[in-house]
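Please open the structure in your viewer and keep the selection tool at hand. The tour below proposes a series of selections and states what each one shows.

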Amino acid sequence: MMQKKGINTVFTAIIAIFIALLTGFIISAISMIFMKGFPDLWTSLFNKEIQFAIKLSFYTSVISTLMCIIFSVPIAYGMVRMQFWGKKFVNTVLEMPMALPPIVAGVALLIIFGNTNFGRFLSELGLDFVFSVKGIILAQFFVNVPYMLRVLKATIQNIDSRFEFVARTLGCNRMQAFFKITLPLAKNGLVAGIVITWARAIGEFGAALMLAGATRLKTETLPISLFLNMSTGDLKLAMASATILIIISLVSLFVFQYLDGNQSNQSRLGC
Amino acid sequence: MLKMVQMSKQLGDFHLADVSLEINDGEYFVVLGPTGTGKTVVLETIAGMYQPDQGSIIYNDQNLPDLYPEHRQIGFVYQDYALFPHLTVKENIIFGAKIKKFPIDEIQKKLDQMVEMLGIGHLLHRYPSTLSGGEQQRTALARALITSPKILLLDEPLSALDPRSKEVFQQELKRIHQRLKNITIHVTHDFNEAIFLADRIGIMHKGKLVQVGTPKEIFENPASDFVANFLGVEHRSKKKDRQLFCMSL
C-alpha cells in the first residue's frame with residue numbers, strides 16, 4: 001500500500017518537475033527581453049526607425065489579416081459544410097503553407113512573383129510584390145491564411161448544422177442562413193482567428209524577408225527592424241522592437257484563449 | 001394531400017427503404033417506432049435536409065425534392081428545439097416572418113397570435129439558454145407556426161419534457177392542430193402519445209414503414225410480431241385484452 005502511494009507521489013513529482021522546468025524556461029527567456037527592452041522602450045518609441053517599423057507592421061498586418069478573413073470565411077464554410085470530389089486533397093493543399101518553413105514559402109513566392117511571365121504581367125499592372133511593401137502583405141497572407149482557416153473550420157464545425165437547416169425551413173436561402181445564423185454564431189471564433197492571425201502577421205519574418213527583403217525604412221517591419229539592428233549591433237533598438245513584439249503576442253494569446261474558451265461553450269445542441 | 005411514393009435514402013449504414021404513405025390535408029399523423037428506425041430521417045427528407053435517393057414526395061402536385069427547403073412551406077420543430085442561441089425569444093419567433101418580408105403590422109399581429117396561443121408573452125425578451133424545456137418547446141413551435149406552414153413536422157417534440165409538462169403540452173398540440181388544421185407529422189417512440197394525438201399512426205422498424213392505420217386498427221390487428229411486441233400486445237392472441245383496451249380509447 002505504502003509502496004503504491006510512493007510510486008504515485010514520484011510520478012506526480014516527475015510531471016511537476018517537467019512542468020516547472022518548461023514554464024520557468026519560457027518565463028525567464030521572455031523576462032530577459034523585457035529587462036533589456038523596457039528601460040529604453042519609451043525613448044525608442046520616439047526613434048524614427050522604430051516609429052516607421054511600428055507603422056509599417058500595423059499597416060501590413062491589418063491588410064493581410066483582412067485578406068485572410070476575405071478568403072478564409074467562405075473557404076472554411078465550404079470545407080466544413082459542402083461535399084465535393086477531391087475535398088481531402090484540397091484540404092491538404094490549403095494547409096500546406098502551414099507545414100512549409102516560412103523562408104521556403106518566401107522563396108516560392110519570390111519565384112512566382114519574380115521572374116515569371118505571371119510576375120511580369122502583375123508588375124505591368126502595378127502589382128509589384130518583389131522587394132516592396134505589397135510583398136510583405138502577400139508573404140504575411142500566404143503564411144497565415146492556413147491558421148485563420150483552421151480556427152474558422154473548427155468554429156464552424158462546432159456549430160450544429162441543424163440551426164442553418166431550421167433557418168432554411170423558415171425561408172432563408174443558403175446565403176441568408178449563413179449570414180443570419182452561422183456567421184453570428186461564429187463571431188467569437190472569427191475574432192479569435194483575427195487576433196491570432198494579426199499577431200502572427202505582425203511577427204512574420206522569414207517569408208517577408210525573402211520576398212520583400214530587409215531594406216531600412218522601406219520594408220522595415222518590427223521583426224525586420226529587430227534583425228537589422230541586431231546585425232548592426234544596435235541592441236537598444238533591437239530590444240525595443242522585441243519588447244513591442246512580445247507585448248503584442250502576449251496580449252493576443254490571452255485574447256485568443258479567452259475567446260476560444262467561450263466559443264466551445266455555445267453553438268452546440270443537445271449538450 | 002402529402003404523398004410519399006417509394007421514398008428511399010441511404011445514410012451511412014442506415015437505409016430508409018421504400019416508404020410509401022399518403023397523409024390527408026388536416027390530418028395529424030404520428031410516426032411511431034423505436035429509436036434508430038429512421039423516423040427523423042423521414043421528416044428531414046420531407047423538409048429537404050436530404051434528397052431522397054429514389055421515389056417522390058408530392059404535395060399539391062409538386063414534387064418537394066425539386067424545391068429548396070425554403071420553398072416547401074414546412075415548419076420543423078426538433079427534439080432539442082434548435083432555437084437560435086444568439087436571438088431572443090421574440091427574434092426567434094419572428095425570424096421566418098421577417099425573412100419572408102411580411103409587413104411589420106402583420107408580423108406584430110402574427111406574433112400576438114402566437115403569444116396568445118402559446119402563452120409566452122412574458123418570455124419575449126429572454127434568450128433561449130435561460131428558458132425551461134417547456135418554454136423552449138413553445139418558442140420553437142411559435143417560430144415554426146408564424147409563417148403558417150402547410151406541413152408541420154415535429155421530431156419527438158415531447159421527449160425532453162417532464163411527465164407533467166408533457167401531458168399539458170400534448171393537449172396543447174391537439175388544441176393547436178384543431179385550430180390550424182394543417183398536415184402535422186409527429187415522430188415519437190411513445191405509444192401513449194401517439195394514441196392521444198394521432199388520427200393515424202405509421203409504425204416504423206429498421207427503416208421501413210411496417211404498418212399504417214388508426215390507433216384502434218393498429219392495436220386490434222398488429223401486422224407483425226414486431227408491431228405487437230412494440231405496442232406491448234401479443235400478435236393474434238389475447239384478443240380479448242386488446243378489445244378491452246380499445247374500448248377504452
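Helices (H or I, at least four residues) and strands (E, at least two) are DSSP runs, numbered from the N terminus. The model is a predicted one, in which local features need pLDDT of at least 70 and side-chain atom pairs count only at pLDDT 80 or more, while totals for chains, interfaces and linings use all residues; side-chain values use heavy atoms, with hydrogens and water left out. Residues are numbered from 1 along each chain as its sequence is written, and chains are lettered from A and ligands numbered from 1 in the order in which they are written.

**A loop in chain A**

Select Val130(A) to begin. This residue lies in the loop between helix H5 (117-124) and helix H6 (133-157) of chain A. With contact defined as heavy atoms within 4.5 Å, and residues up to four places away in sequence not counted, Val130(A) touches Leu110(A), Phe113(A), Gly114(A) and Leu211(A). One of these partners, Phe113(A), is 17 residues away along the chain, and its C-alpha atom is 6.8 Å from that of Val130(A).

Move next to Leu127(A), which is in the loop between H5 and H6 of chain A. Is it buried, partly exposed or exposed? Buried means under 20% relative accessible area, exposed over 50%, and partly exposed in between (1.4 Å probe, protein chains only). Leu127(A) has 35% relative accessibility and therefore counts as partly exposed. Neighbours within four places in sequence aside, its contacts are Leu122(A) and Lys134(A). A distance label to Glu95(A), 32 residues apart along the chain, should read 26 Å between C-alpha atoms.

**The domains of chain A**

Colour chain A by domain: domain 1 covers 1-43 and domain 2 covers 45-263, with bounds that come from an automatic or database domain assignment. Their C-alpha centres lie 31 Å apart. Where the two meet, 10 residues of domain 1 of chain A are in contact with 12 residues of domain 2 of chain A. Buried area is the accessible area (1.4 Å probe) that two parts lose on being put together, summed over both. For these two domains of chain A it is about 1100 Å², 81% of it on carbon and sulfur atoms.

**Helix H7 and the interface**

Now select residues 161-169 of chain A, helix H7; 8 of its 9 residues are buried, so this helix is largely enclosed by the rest of the structure. Which residues of H7(A) are buried? They are Arg162(A), Phe163(A), Glu164(A), Phe165(A), Val166(A), Ala167(A), Arg168(A) and Thr169(A). In chain A, they pack against helix H2 (48-81) and helix H8 (174-185); in chain B, against helix H1 (39-47), strand E6 (74-77), helix H2 (89-99) and helix H4 (133-145).

Extend the selection to the whole interface, where 20 residues of chain A are in contact with 22 residues of chain B. The two chains bury about 2000 Å² between them, and carbon and sulfur atoms give 72% of this area. On the chain A side, Phe165(A), Thr169(A) and Leu170(A) lose the most area to chain B, together 34% of what that side buries.

**Chain B and its domains**

Hide chain A and show chain B as a cartoon, with its 9 helices and 10 strands. The C-alpha trace spans about 60 × 40 × 30 Å along its principal axes. Buried residues make up 54% of the 249 residues in chain B.

Chain B is divided into domain 1 (1-73 + 149-211) and domain 2 (85-148). The centres of these domains of chain B, taken over C-alpha atoms, are separated by 23 Å. Between them, 16 residues of domain 1 of chain B are in contact with 12 residues of domain 2 of chain B. The area they bury is about 1200 Å², with 64% on carbon and sulfur atoms. Pro149(B), Phe169(B) and Arg179(B) supply 40% of what domain 1 of chain B buries against domain 2 of chain B, more than any other three residues.

**The nonpolar cores**

A nonpolar core is a set of buried Ala, Val, Leu, Ile, Met, Phe, Trp, Tyr and Cys residues joined through side-chain atoms within 4.5 Å. The largest has 45 residues; Ile93(B), Leu141(B), Leu173(B), Ile201(B) and Leu231(B) have the most contacts inside it. Helix H3 (residues 104-118) of chain B gives the most to this core, with 6 residues. Domain 1 and domain 2 of chain B both give residues to this core, so it lies between them.

Finish on Leu231(B), which, leaving aside neighbours within four places in sequence, is in contact with Leu32(B), Phe191(B), Ile203(B), Ile218(B) and Phe219(B). A second, separate core has 44 residues, including Met7(B), Leu43(B), Ala47(B) and Ile99(B).
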